[in-house]
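Biologist: I should like to learn how to read the features of a protein model. Could we go through one together, beginning with the general idea in each case?

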Amino acid sequence: MDKNAQRAVIFLDSFPQLEYKYKTAILNEVGDPKNLYACLPKYRDLLIRAVGEEAEEILRLANPQGEAQVLENLKNRGIMPITRGNKYYPENLENTPAPPWVLYAIGNIELLKNRKFAIVGSRKTPQAELKLTEEFAEKIADCMTVVTGVAEGADAAAIRGAMKKNNVISVLAYGFDYVYPELHRGLLEELKQKGLVITEYPPSVPAYKWQFPVRNRIIAGLSEGVLVVSAREKSGALYTASYAATYGRDVFAFPYKVGEVAGKGCNALIKQGAALCDKAEEILLSYGFDTEELPPDLPFTEEEKTVLQLLREDEMVIDVLAERSSLPPYALLAALNSLEMNGYIVKTGADGYRAVK
């Protein structure tokens with residue numbers, strides 16, 4: 001998409017009252033966005049159905065002068081609009097089912113070119129897990145850009161950890177005219193200096209409750225994997241994990257003791273096939289990064305030696321491992337659990353494993 005086409009997309013996206021589905025329908029009909037202003041009058045009826053009387057205002061401004069005003073307003077705010085087709089628009093996100101037409105960004109947009117990993121969790125994450133989250137984020141930020149939201153609790157802990165390495169992207173669920181929660185105004189300003197803040201919403205869009213789970217598709221879409229550090233039975237973090245699984249991304253979760261409310265969602269994810277994770281190094285190793293903080297060599301049982309050797313040869317699901325190792329189910333599961341807990345193997349899906357050491 002050339003610059004003229006990108007500018008036209010930014011113009012159309014600047015009208016928050018025009019829903020995503022209508023913008024998409026118009027742009028798909030137009031074909032080349034450079035033809036938007038000439039073609040838009042043909043879609044007057046569609047615009048009227050979408051926004052009522054405001055359709056005439058959109059049509060009045062649909063020209064190079066109106067476009068220039070939109071771009072000037074963003075520039076004066078220090079907001080960089082990044083459209084699909086722009087060199088900074090992440091391929092991982094563009095290949096998801098409903099990628100934003102525009103990402104509005106403040107901060108270091110070079111971070112969008114990096115490999116990215118998401119850390120999410122509850123606003124009510126326990127203190128011990130908050131400390132771990134900050135430590136994990138700092139370690140992961142040595143190798144990958146950490147992606148998260150900007151809520152209290154887990155998001156803030158992930159930001160604090162990754163911001164020590166100036167390697168964090170925070171995704172908002174509203175436009176830059178607003179801050180939610182208000183207590184994070186200072187944190188957001190620091191993020192704009194040390195990392196990157198992005199949103200799919202034009203500046204004037206306030207924070208509506210329904211936008212937060214929708215926003216989570218961007219967190220998952222940007223990232224190669226997601227770590228859920230806390231989640232109740234119903235939690236926004238579970239939306240992110242669900243999007244990640246749908247997109248074929250890896251899902252990791254902190255384990256919690258039985259009955260702990262803050263971790264019920266995490267334990268459920270692990271039951272469903274998410275990788276149990278208690279070391280940041282496990283995540284980095286699973287993406288091919290070297291780390292000096294590997295688990296020490298342990299004396300293996302014969303069963304563990306057999307399983308590890310097979311997985312060093314190739315990634316396998318449990319059924320294939322059982323057949324090739326000739327181990328009974330109880331012995332195979334014990335070996336897999338021990339090797340996973342000690343960082344020698346990781347899960348690759350509901351019933352797959354691969355060696356990382």
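Modeller: Let us begin with a term that we shall need: two residues are in contact when heavy atoms of theirs lie within 4.5 Å. A residue is called buried when its relative accessible area is under 20%. Please keep in mind that this is a predicted model.

Biologist: Which residues of helix α10 are buried, and what covers them?

Modeller: Helix α10 spans residues 185-194, and its buried residues are Leu187, Leu188, Leu191 and Lys192. Viewed down the axis of α10, these residues fall within an arc of 140 degrees, so they line one face of the helix. Their cover includes β2, α9 (154-163), β5 (168-171) and β6 (196-199).

Biologist: Which residues of helix α13 are buried?

Modeller: In α13, which runs over residues 264-271, the buried residues are Gly265, Cys266, Leu269 and Ile270. Here too one looks down the axis: the buried residues of α13 lie within an arc of 140 degrees, so they line one face of that helix. They pack against β7 (225-228), α12, β8 (250-253), β9 and β11. Just after α13, Gly273 has a positive phi of about 120 degrees.

Biologist: How many residues of α1 are buried?

Modeller: Helix α1, residues 3-13, is mostly covered, with eight of its 11 residues buried. The buried residues are Ala5, Gln6, Ala8, Val9, Ile10, Phe11, Leu12 and Asp13. Among the elements that cover them are the helices α2 (20-30), α3 (36-39), α5 (54-61) and α6 (64-76), together with the strands β1 (80-83) and β2 (102-107).

Biologist: What is found at the start of α1?

Modeller: There a side-chain oxygen of Asp2 comes to within 3.2 Å of the backbone nitrogen of Asn4. Such a pair is an example of a polar contact, for which the cut-off is 3.5 Å between N or O atoms.

Biologist: How should one read a single residue in a loop? Where does His184 lie, for instance?

Modeller: For a single residue, one may ask about its place, its exposure and its neighbours. His184 is in the loop between β5 and α10. Its relative accessible area is 8%, so His184 is buried. The side chain of His184 reaches the backbone oxygen of Val150 at 2.8 Å. Leaving aside residues up to four places away in sequence, His184 touches Val150, Ala151, Glu152, Ala156 and Val179.

Biologist: Let us turn to empty space. What is the volume of the largest pocket, and which residues lie nearest its centre?

Modeller: A pocket is open, whereas a cavity is a space from which the probe cannot get out. The largest pocket holds about 630 Å³ of space. It is lined by 24 residues, and those nearest its centre are Arg123, Phe212, Ser235, Gly236 and Ala237. Helices α11 (211-222) and α12 (236-246) each supply at least two residues of this lining, and the largest share, five residues, comes from α11. By class, the lining of the largest pocket has 10 nonpolar, seven polar and seven charged residues.

Biologist: What is the volume of the second largest pocket?

Modeller: The second largest pocket has a volume of about 410 Å³. Of its 21 lining residues, Pro16, Glu19, Tyr20, Tyr201 and Trp210 are the closest to its centre. Both α2 and α11 supply at least two residues of the lining, and α11 gives the most, with three. The lining of the second largest pocket divides into 14 nonpolar, two polar and five charged residues.

Biologist: How many cavities of 30 Å³ or more are there?

Modeller: The count is two cavities of 30 Å³ or more. The largest cavity has a volume of about 40 Å³, and its lining consists of Phe252, Ala275, Leu276, Glu282, Glu340, Ile345 and Val346. The elements that give two or more residues to this lining are β9 (275-276) and β11 (345-347). Five residues of the lining of the largest cavity are nonpolar, none is polar and two are charged.

Biologist: Which residues line the second largest cavity?

Modeller: Phe176, Tyr178, Val179, Leu188, Glu189 and Lys192 line the second largest cavity, whose volume is about 30 Å³. Its lining has four nonpolar, no polar and two charged residues. Two residues on this list, Leu188 and Lys192, are already familiar as buried residues of α10.

How values were computed:
Residues numbered from 1 in each chain as written. Predicted model: local features only at pLDDT ≥ 70, side-chain atom pairs only at ≥ 80, totals over all residues. Heavy atoms only, no water. Buried < 20%, exposed > 50% of the residue type's maximum accessible area, 1.4 Å probe, protein only. Helix = DSSP H or I, 4+ residues; strand = E, 2+ residues; numbered from the N terminus. Polar contact = N/O pair within 3.5 Å; in protein donor to acceptor, adjacent residues only side chain to side chain. Arc of directions from axis to C-beta. 1 Å grid on protein atoms, 1.4 Å probe; cavity = no way out; pocket = protein on both sides within 12 Å on 5 of 7 lines; lining within 4 Å. Points joined across faces, edges and corners; volume = space filled by probe spheres on them. Nonpolar A, V, L, I, M, F, W, Y, C, P; charged D, E, K, R; others polar.
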